[in-house]
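The exercises below are meant to be worked with the sequence and the model side by side. Try each task before reading its solution.

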Amino acid sequence: MNIEYPRVLWLLFALIPLAALQFYQFRNGRHDLGLLAGDRREEVLTVYLVKWFFSSFFFTLAIAFSILALAGFSWGQRSVEEDRSGLDVVFAVDVSRSMRARDGDETGRIIEARETMQGIVQDLPTARFGIVVFAGQALRTVPVTEDRVAVDSFISSLGTDVLSAAGTDLEQGLDAAFAAFPEGANRNRVLVLLSDGEQHRGNPLRSAEVAGSAGVPVFAVTFGSVEGSTITLSDGSRLTDAEGNVVLSRADPGIMEDIAGASGGASFRGSGGEAFGGLMREIRGFEERREREGFRLVSVPRFRVFLIFAVITLSLSVIVRVFRWRGVV
Amino acid sequence: MVFESPGYLFLLLLIPVGVYFRHFSPQRGGKLPFAYRVWNARGFVPSFFARRAVFALATISFWSAVVALVLALGGPADVTRERVFLNRGIDMMIVLDESPSMAAEDFAPVNRFESARDTIRRFVEGRENDPVGLVSFGAEAALRVPPTTDYVKLGDALEGLRIMELGDGTAIGMGIALGALHLRSSDAPEKVMILLTDGENNAGEVPPETAARVATEIGIRIYTIGIGSETEAPIEFTDPQTGQVYRGTFEGGFDEAILREIAELSGGAYFYAGTSGTLESVFEAIDSIETTEKRVRIEVNTEPRHRLLIIFAIGALLLDFFIRKLLLREVL
């Protein structure tokens, strides 16, 4: 089961003040009705209590179901025909300052990312490639092309000084990478995200789901160690915070795994042979599977189930109120 | 805009029934306005119209919420149709002269360079599925965009070109060589280069003939376009490095013999464009020569649009609740 807009579920908390208001209204109503009822006060107020309770209960349920419909639940899968051949790969490369950090074996994260990209380009001789770099912003630097000379030369010159915007906005990076796939191309599409996952902003999971539902898996490669490393600046000194403490940059493989999971891709750690082998197996496996099967599975949105309940409970809340309680009133 | 499950829209037919039972049925229970507070010296004047108007607003918002929920059930969606090309297009590389002489103002409305840029932009807009790349040259040559069908990126790069950015000179050979290098890894059956220049080769290590021979070996057809009038023309441009403005007159031409030779060698064609109008028709001619049969599949993508309706419905229901229960103090 998937929830496309999990934040919407926070709105369910608004049902508590709504219920409180309904109770406030009940007290007013009971008071007002009591003034009119005269001798039959007890009977009338009993019926009122029952009617008020069910009417308010169903109304609250109707709002709750509408909120659930809004949250975008989906479960189950159906197949969509997709007869594509060939492969387009777009790299989304994190070029934020934390990618300068050197972990363990003293290789900078950005260098590891470069090596991984070079390896992928080399191992997929018929694919087309595009490159998007991102930090606090995202920029399409190489449009999807067959020109391997241009791709290779850009990769080898790639550093953390390409973008000045500070921060790591994985959402923008993924969105820009997804938008970089050219329209009208009859090829399978793969997004390779290379980052340490640190200090992420935005909601990358939503972007990953959008890509996934369009049949574009994200293969996420995390660089850097969870224990953290220092960041060396261009003058050789170490990056410090405002109080002069040396900044430790820690990789966050968790968010990268979630992104891969949300898009139907896979995640890997580091640029080691094992991780790279796994990554290439996944990419090739994906391409072969698509070409063989000619379809892909998409999850089925289920907002209707909740909407139907919303309509039914809303109707009940009106019916309880409108229809007379024969024999009592 | 379409509805994915239009069957649900039949529920709209039930709404008049609901309206009847709630507002008009004799058994609906009556409406009895009454004062819930003791009169306190201010004259008991119910503002009849205002109350009716507010009540009507509540009723309208309730029923429009119901309509919105039913419409949302129908699954409204925007449909986009994407043309997916099943065969390969022609790979093209545009090699454009960026030397200072391109600022000569003998091409309406601005100068040679702006005319060339406009014409190329329109040419690219007319292509579909053909990867187009851009190389510019002055004393040096540089790849601006590798061949791509991402025409937006190409347009941006075209927009970013500045006269004399690559130095004062005309390295035609370097331009052709660089263009050929970047078309080399393409496995397109047809590869085309379009060279625009207004000067003689006077810079770079590679002579144009040699570069053209290399390109021909890779299977690239080169269309050469010589531009510029044969008379003296005023010239004005800004050096992008120093910001200094240069003004004067310019007279000089391109080497027609070389351009012809390059075109013939590679199986392309040579064109002369003396005005911006002829430049436009030259590109139209190339456009019509270099076409391939296109096999297309239409891919239909739907983007669900039910969320706005649900948000509206929730808002309208709450408005109805606040008006009737809290403002008008309806008992039930």
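**Exercise 1.** Find the residue that stands opposite A77(B), and place the pair in its sheet.

Solution. A77(B) stands opposite P304(B), which lies in β11(B); strands here are DSSP runs of E with at least two residues, helices are runs of H or I with at least four, and both are numbered from the N terminus. Strand β2 of chain B, residues 76-85, pairs with β11(B) in the antiparallel sense over nine bridges, where two strands count as paired if DSSP finds at least two bridges between them. The open sheet consists of three strands in the order β1-β2-β11 (chain B), with antiparallel pairing. Its edge strands are β1 (2-3) and β11 (296-304) of chain B, each of which pairs on one side only.

This is a predicted model, in which local features need pLDDT of at least 70 and side-chain atom pairs count only at pLDDT 80 or more, while totals for chains, interfaces and linings use all residues. Residues are numbered from 1 along each chain as its sequence is written, and chains are lettered from A and ligands numbered from 1 in the order in which they are written.

**Exercise 2.** Describe how α1(A) and α2(A) pack, giving the angle and the distance between their axes.

Solution. Helix α1 (residues 15-37) and helix α2 (residues 41-70) of chain A pack at an angle of about 160°, with their axes 10 Å apart; the axes are lines fitted to C-alpha atoms over the stretch in contact, and angles run from 0 to 180 degrees between N-to-C directions. The angle therefore makes α1(A) roughly antiparallel to α2(A), a term used for angles over 145 degrees. Among the residues that meet are L18(A), F26(A) and L33(A) in α1(A), and L45(A), W52(A) and I63(A) in α2(A). Residues are in contact if their C-beta atoms, placed from the backbone, lie within 7 Å. The residues of this contact between α1(A) and α2(A) divide into 12 nonpolar, five polar and two charged, where Ala, Val, Leu, Ile, Met, Phe, Trp, Tyr, Cys and Pro count as nonpolar, Asp, Glu, Lys and Arg as charged, and the others, Gly among them, as polar.

**Exercise 3.** Which element supplies the largest share of the side of chain B that touches chain A?

Solution. Begin with the counts: 47 residues of chain B are in contact with 44 residues of chain A. Elements that each supply at least two residues of the chain B side include α2 (48-73), β5 (141-148) and α9 (306-327). The largest share, nine residues, comes from α9(B).

How values were computed
Parallel < 35°, antiparallel > 145°, perpendicular 65-115°, else oblique. Contact = placed C-beta atoms within 7 Å.
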